[in-house]
Amino acid sequence: MHYGSATIKNALEAGQVEDAVMPSHTIKSSGRIVGAVPLAAAAEQFEMLARKGGDPAELDRLRIRMVKLFSRSLWPQSQFNKGLTHGYDYFSKRYPFISG
């Protein structure tokens with residue numbers, strides 16, 4: 001998200017709203033793929049408004065919302081690692097040929 005958010009922020013600061021459309025579209029699609037529905041919805045709002053050449057202040061508000069929603073969409077790394085370890089342990093016990 002950092003790349004997309006930085007690109008969007010730079011486009012808004014430069015007054016080039018049209019340059020923010022594709023990154024917001026990418027964030028919308030990616031959010032839908034991974035199940036980050038609130039993030040995808042905010043990105044969709046941003047994209048639609050940007051395509052219409054919407055108000056820069058409203059676009060920036062939506063950009064900030066996307067950044068906040070993105071950070072809430074991430075698993076803490078410790079939980080992610082725990083899930084991976086648990087999954088490997090489960091499958092290696094159930095299917096010993098997986099562990100080599």
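The exercises below, each with a worked solution, concern a predicted model of a protein chain.

**Exercise 1. Overall composition**

Task: State how many helices and strands the protein chain has, and give the pattern along the sequence.

Solution.
Step 1. The protein chain contains five helices and zero strands.
Step 2. Along the sequence this reads α-α-α-α-α.
Step 3. Of the 100 residues in the protein chain, 29% are buried.
Step 4. The accessible surface is about 6,900 Å², and carbon and sulfur atoms account for 59% of that surface.
Step 5. Taking the contacts between residues at least 6 apart in sequence, 42% join residues at least 24 apart.

**Exercise 2. The largest nonpolar core**

Task: Identify which members of the largest nonpolar core touch the most other members, and which elements give two or more residues to this core.

Solution.
Step 1. The core has 17 residues, and those touching the most other members are Ile8, Phe46 and Met66.
Step 2. Two or more residues come from each of helix H1 (2-13), helix H2 (21-34), helix H3 (37-51) and helix H4 (56-73).
Step 3. H3 supplies the largest share, five residues.

**Exercise 3. Geometry and buried face of H3**

Task: Compare the span of H3 with the value expected at 1.5 Å a residue, then determine where its buried residues fall around the axis.

Solution.
Step 1. H3 has 15 residues, so a span of 21 Å is expected at 1.5 Å a residue.
Step 2. The end C-alpha atoms of H3 are 21 Å apart, in agreement with that expectation.
Step 3. The buried residues of H3 are Leu39, Ala40, Ala42, Ala43, Phe46, Glu47 and Ala50.
Step 4. Viewed down the axis of H3, these residues fall within an arc of 165°, and therefore line one face of the helix.
Step 5. Just after H3, Gly53 has a positive phi of about 70°.

**Exercise 4. Geometry and two faces of H4**

Task: Repeat the span comparison for H4, and say which residues are buried and which exposed residues the face turned away from the buried side carries.

Solution.
Step 1. H4 has 18 residues, and the distance from its first C-alpha to its last is 25 Å, close to the 26 Å expected at 1.5 Å a residue.
Step 2. Leu59, Leu62, Arg63, Met66 and Leu69 are the buried residues of H4.
Step 3. They cover an arc of only 130° around the axis, so they lie on the same side of H4.
Step 4. The face turned away from the buried side of H4 carries the exposed residues Ala57 and Arg72.

**Exercise 5. Surroundings of Lys28**

Task: Decide whether Lys28 is buried or exposed, and list its contacts, leaving aside neighbours within four places in sequence.

Solution.
Step 1. Lys28 lies in helix H2.
Step 2. Its relative accessible area is 11%. The cut-off for buried is under 20%, so Lys28 counts as buried.
Step 3. With neighbours within four places in sequence left aside, Lys28 is in contact with Ala40, Ala43, Glu44 and Glu47.

**Exercise 6. A network of salt bridges**

Task: Work out how Lys28, Glu47 and Arg51 are linked.

Solution.
Step 1. The structure has five salt bridges. One of them joins the side chains of Lys28 and Glu47, at 2.9 Å from N to O.
Step 2. Lys28 is in helix H2 and Glu47 in helix H3, so this pair ties together parts 19 residues apart in sequence.
Step 3. Glu47 also forms a salt bridge with Arg51, with the closest N and O atoms 2.7 Å apart.
Step 4. Both Glu47 and Arg51 belong to helix H3 and are four residues apart, about one turn of the helix.
Step 5. An α-helix has 3.6 residues a turn, so residues three or four places apart point the same way.
Step 6. The relative accessibility of Glu47 is 5%, so Glu47 counts as buried. Arg51, at 54%, counts as exposed.
Step 7. Lys28, Glu47 and Arg51 are thus linked in a network of salt bridges.

**Exercise 7. A salt bridge within H4**

Task: Describe the pair Glu58 and Arg61 by distance, by location and by accessibility.

Solution.
Step 1. A salt bridge connects Glu58 and Arg61, and their closest N and O atoms are 2.6 Å apart.
Step 2. Both residues lie in helix H4, three residues apart, about one turn of the helix.
Step 3. Glu58 has 28% relative accessibility and counts as partly exposed. Arg61 is also partly exposed, with a relative accessible area of 44%.

Notes: Residues numbered from 1 in each chain as written. Predicted model: local features only at pLDDT ≥ 70, side-chain atom pairs only at ≥ 80, totals over all residues. Heavy atoms only, no water. Core = buried A, V, L, I, M, F, W, Y, C linked by side-chain atoms within 4.5 Å. Buried < 20%, exposed > 50% of the residue type's maximum accessible area, 1.4 Å probe, protein only. Contact = heavy atoms within 4.5 Å. Areas by Shrake-Rupley, 256 points an atom, 1.4 Å probe, with all protein chains shown as cover. Expected span 1.5 Å × (residues − 1). Arc of directions from axis to C-beta. Salt bridge = Lys/Arg side-chain N within 4 Å of Asp/Glu carboxyl O.
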